[in-house]
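Grab a coffee and work through a few short exercises on the protein shown here. Each task comes with a worked solution, so try it yourself before reading on.

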Amino acid sequence: MAAMVLHSDRAVAMSVYVVRAFMEMRDKLMANAAILKRLAEIDHRLLEHDVVLREVVERLQPLLDAPDEDGKNRRKIGFHEGNR
């Protein structure tokens, strides 16, 4: 607008500078929006994985907590010096 009113080289340069600044701002806002969208997708996927992992842990917990029925009579795996 200043370039139209003032008709000077400096006014034209400032107008171009302002337009370029707004174009750069627009590009950065669009990039920011794309990043935020991608982060939201990742967050959603992580929440889904969290649910699945929680279910896996719940199903495995009884196996981890199962008492050793007869631990004394079980054969130990591997080489033991006393077992010749």
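The exercises below deal with a predicted model.

**Exercise 1. Take stock of the fold and its surface.**

Start by listing the secondary structure: the protein has two helices and zero strands. Next, check how much is tucked away. Of the 84 residues in the protein, buried ones make up 4%. Then look at the outside: the accessible surface comes to about 8,700 Å², and 62% of that belongs to carbon and sulfur atoms.

**Exercise 2. Work out how the end-to-end reach of H2 compares with the expected value, and find where H2 kinks.**

First, get the length in residues: H2 has 57 of them, covering residues 9-65. Second, take the span from the first C-alpha to the last, which is 81 Å. Third, set that beside the 84 Å expected at 1.5 Å a residue; the two values are close. Finally, look for a bend. There's a kink of about 30° at Arg-59, shortly before the proline Pro-62.

**Exercise 3. Find the nonpolar patch on the surface and place one of its members.**

Begin with the members: Met-14, Tyr-17, Val-18, Phe-22 and Met-25 make up the patch. Together they have about 560 Å² of accessible area. Now pick Tyr-17, which sits in helix H2. Is Tyr-17 buried or exposed? Its relative accessible area is 59%, and the cut-off for exposed is over 50%, so Tyr-17 counts as exposed.

**Exercise 4. Count the salt bridges, then go through three pairs and say how open each partner is.**

Here's the idea to keep in mind: side chains of opposite charge can pair when their charged atoms come close. The count to reach is five salt bridges, with a nitrogen-to-oxygen limit of 4 Å.

*Step 1.* Try Arg-26 and Asp-27. Their side chains meet in a salt bridge at 3.6 Å, N to O. Arg-26 has 46% relative accessibility, so it is partly exposed. Asp-27 is partly exposed too, with 41%.

*Step 2.* Move on to Arg-38 and Glu-41. The closest N and O atoms of this salt bridge are 3.5 Å apart. Both residues lie in helix H2, three residues apart, or about one turn of the helix. Arg-38 comes out as partly exposed at 41% relative accessibility, and Glu-41 as partly exposed at 36%.

*Step 3.* Finish with Arg-59 and Glu-55. In this salt bridge the closest N and O atoms are 3.0 Å apart. These two are also in helix H2, four residues apart, which is about one turn of the helix. Arg-59 has a relative accessible area of 61%, so this residue is exposed, whereas Glu-55 is partly exposed at 39%.

**Exercise 5. Tie two results together: which residue joins a salt bridge and also marks the kink in H2?**

Go back to the salt bridge with Glu-55: its partner is Arg-59. Then go back to the kink of about 30° in H2: that lies at Arg-59 as well.

Note on methods:
Residues are numbered from 1 along each chain as its sequence is written. This is a predicted model: local features need pLDDT of at least 70, side-chain atom pairs count only at pLDDT 80 or more; totals for chains, interfaces and linings use all residues. Side-chain values use heavy atoms; hydrogens and water are left out. Patches are made of residues with over 30% relative accessible area and no salt bridge: like charges are joined within 9 Å, nonpolar side chains (Val, Leu, Ile, Met, Phe, Trp, Tyr) within 5 Å. Accessible areas come from the Shrake-Rupley method with a 1.4 Å probe; for residues, only the protein chains shown count as cover. Buried means under 20% relative accessible area, exposed over 50%, partly exposed in between (1.4 Å probe, protein chains only). The expected span of a helix is 1.5 Å times one less than its number of residues. The bend at a residue is the angle between axes fitted to the seven residues ending there and the seven starting there.
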